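Please find below a short note for a colleague who is new to this structure. The points are numbered and may be read alongside the sequence and the model.

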Amino acid sequence: MSSTGMLLTCLVGSEGKPLLNLISQVGRVYPQAVYFPIRTLYLTLKIEQRERYKSDASGQQQPSSVGAQSHSGASDPGPIRATAPMWRCSRIMHMQRELHPTLLSSLEGIVDQMVWFRENWHEEVLRQLQQGLAKCYSVAFEKSGTVSDAKITPHTLNFVKKLVSTFGVGLENVSNILEAKTKQLPKFFLIEEKCRFLSNFSAQTAEVEIPGEFLMPKPTHYYIKIARFMPRVEIVQKHNTAARRLYIRGHNGKIYPYLVMNDACLTESRREERVLQLLRLLNPCLEKRRETTKRHLFFTVPRVVAVSPQMRLVEDNPSSLSLVEIYKQRCAKKGIEHDNPISRYYDRLATVQARGTQASHQLHNLISKLKKWIKILEAKTKQLPKFFLIEEKCRFLSNFSAQTAEVEIPGEFLMPKPTHYYIKIARFMPRVEIVQKHNTAARRLYIRGHNGKIYPYLMFSIQLALVGLAEFLLHLNRLNPEMLQIAQDTGKLNVSYFRLDINDATGDLDANRPVPFRLTPNVSEFLSSIGVSGPLTASMIAGARCLAQPNFKVDGILKAVLRDEIIAWHKKTQEDTSMPLSPAGQPENMDSQQLVSLVQKAVTAIMSRLHNLAQFEGGESKVNTLVAAASSLDNLCRMDPAWHPWL
């Protein structure tokens with residue numbers, strides 16, 4: 001079941017016919033695991049085929065438009081002819097409907113209700129506006145040698161002009177107007193007002209598992225089924241879009257929050273889901289090694305299920321905040337626009353270039369010291385130390401352990417419970433933080449219980465190490481601050497919109513980047529020098545040495561995932577270059593030798609990095625060099641300011 005996406009990629013290709021029976025048999029036993037992916041694939045193929053027919057019709061209509069008014073019906077492309085992959089998908093769905101009519105009718109009913117979770121017009125415009133602004137920043141950085149001459153694509157330019165003419169203000173002001181309007185809207189609605197089917201759904205209607213249960217195999221009796229949909233749906237701003245948070249109660253009594261998200265780009269959504277599945281497949285390797293298990297080194301991977309080409313259900317943690325949201329909250333408290341540092345960067349760069357001076361690396365370094373904005377924001381609070389080490393002042397607490405005495409953690413006896421449930425102190429953690437709480441300067445002391453529970457600060461260090469390791473090893477796209485979601489209750493991190501960074505021209509993994517992963521000055525200060533040189537570095541080494549073990553066959557997992565990625569890249573290249581279609585009316589399949597060569601080259605690049613990090617040279621690991629490169633100010637100043645290298 002973890003390979004369903006890979007099987008569907010093969011189903012679309014020339015080798016798809018023999019897989020028809022195999023996927024049908026999987027769908028017979030696990031209908032929900034197959035139905036949503038096959039339905040999304042079928043609708044995606046249908047949309048692509050319709051676009052081809054439209055482009056063909058417009059191409060035929062244009063030369064014959066003069067003097068052809070009497071034949072106006074000739075431009076109609078007529079009914080869309082189903083391709084062989086579309087027929088295979090339709091055949092599998094038809095077989096599933098015959099075998100599981102009640103379940104699939106319930107699934108269709110749930111999907112039909114999702115139309116009520118779409119964005120409003122201004123939420124959609126705000127999302128497109130933010131994407132357009134990000135594109136403008138990207139073009140400006142690519143043309144940083146001559147910022148004044150930088151030009152955006154005509155499509156983006158027309159979109160910006162339309163917005164400006166509609167609202168009568170500049171691009172950034174439009175964003176402010178829409179954000180203010182969005183804040184005035186209601187923050188929730190009741191599900192019974194719009195979605196009667198979901199409101200009345202219960203375990204007696206059909207046995208439907210909660211979304212994402214089949215992404216990894218496990219014993220059948222552990223699959224959690226939907227008991228009901230909770231009555232309140234919240235409207236939240238997450239992942240640069242206005243999402244709807246839907247709460248689902250499982251038959252085990254636990255409530256599972258999911259975000260219903262709208263996605264405009266079909267291919268990019270599937271690429272993100274492919275990387276998430278790769279991280280899920282690597283987790284069992286980390287679970288089988290002692291050094292990674294004792295450090296709780298596991299990827300935090302949210303469940304993501306595409307219910308249609310433009311809509312996904314994403315597992316959510318209501319307590320999580322992205323790094324850019326934390327930054328925006330701080331700027332809002334100080335009354336400062338969060339985009340000011342980026343605008344100031346390009347204004348000063350354009351001013352220097354207008355004087356006829358090209359911006360050298362040294363000048364880039366000078367301009368990129370935008371961390372002074374953070375110093376202005378935190379000038380008062382940074383005058384005092386934020387923490388001290390417990391061994392510096394409290395030698396007894398530093399040396400205390402479970403062998404010293406059996407002492408329960410404070411407050412264990414406030415409520416009665418069975419004796420074996422009382423949690424004892426295993427040790428006092430080395431770092432004591434100084435925080436402003438309850439109108440006083442308090443000291444936050446962390447205690448590790450004998451049950452092994454880890455406090456959020458250490459978990460953040462471990463998770464950041466694993467995210468950085470994955471970004472560097474797998475050649476993933478850069479980790480922007482809005483992609484990093486931080487769970488405030490546990491310290492766990494999950495990353496949205498991670499994709500393999502593939503060169504559009506050659507299909508090779510792109511390895512050119514000033515910094516290997518995100519370890520910016522503020523993050524380093526939060527972790528402290530001890531946290532960076534201790535838990536973070538040790539966790540990266542342990543993770544690399546685990547994945548480098550030959551018995552885990554990580555290269556085999558990479559080949560399976562990268563094959564799908566290269567095929568998707570080839571298909572996109574054909575569409576962008578308008579290459580001719582096959583006689584069957586679909587894009588030509590990629591040459592097998594070229595496919596094998598590109599996949600093998602990518603796997604070799606990843607495994608080479610992995611083995612380099614896993615090896616020691618004279619007691620030193622190359623991870624230390626990697627961490628130094630990631631935190632180097634000379635490297636950070638060469639990054640795009642929209643990446644927020646100071647944050």
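**Notes on two groups of paired strands**

1. In β6, the residue that forms a bridge with V260 is L313. The model is a predicted one, and the points that follow should be read accordingly.

2. The pairing around V260 belongs to a longer contact between strands: β4 and strand β6 (residues 311-315) are joined by 5 bridges, and the two run antiparallel.

3. Strand β4 (residues 255-262) is also paired with strand β3 (residues 241-250), through 6 bridges and again in antiparallel fashion. Within this pairing, R249 is found opposite I255 of β4.

4. Between β3 and β4 lies a hairpin with 4 residues separating the strands. In this hairpin G253 adopts a positive phi near 90°.

5. How many of the residues of β4 are buried? Of its 8 residues, 7 are buried, and the strand is accordingly described as mostly covered.

6. The loop between β6 and β7 contains D316. Is D316 buried or exposed? The residue has a relative accessibility of 10%, and because buried means under 20%, D316 counts as buried.

7. Which residues does D316 contact, apart from its neighbours within four places in sequence? They are K238, R245, P257, Y258 and L259. With one of these, R245, there is a polar contact of 2.7 Å between the side chains. Residues P257, Y258 and L259 fall within the span of β4, residues 255-262, whereas R245 falls within that of β3, residues 241-250.

8. On the other side of this loop, β7 takes part in an open sheet of 3 strands, in the order β7-β11-β12 and with antiparallel pairing. The strands β7 (320-322) and β12 (493-495) form the edges; each has a single partner strand, so one side of each has no neighbour in the sheet. From one strand to the next, the twist averages 30°.

9. The pairing of β7 with strand β11 (residues 484-487) consists of 3 bridges, and the strands run antiparallel. One of the bridge pairs can be named: S320 has A487 of β11 as its partner.

10. Which helix lies across β7 and β11? This is helix α13 (residues 323-334), running at about 80° to β7.

11. As a general remark on such pairings, strands of a sheet pair through backbone hydrogen bonds, in either a parallel or an antiparallel arrangement. For the strands discussed here, the pairing is antiparallel between β3 and β4, between β4 and β6, and between β7 and β11.

Methods. Residues are numbered from 1 along each chain as its sequence is written. This is a predicted model: local features need pLDDT of at least 70, side-chain atom pairs count only at pLDDT 80 or more; totals for chains, interfaces and linings use all residues. Side-chain values use heavy atoms; hydrogens and water are left out. Two strands pair if DSSP finds at least two bridges between them. Axes are lines fitted to C-alpha atoms, for helices over the stretch in contact, and angles run from 0 to 180 degrees between N-to-C directions. Contact means heavy atoms within 4.5 Å. Buried means under 20% relative accessible area, exposed over 50%, partly exposed in between (1.4 Å probe, protein chains only). A polar contact is a pair of N or O atoms within 3.5 Å; within protein, one must be able to donate a hydrogen and the other to accept it, and residues adjacent in sequence count only if both atoms are side-chain atoms.
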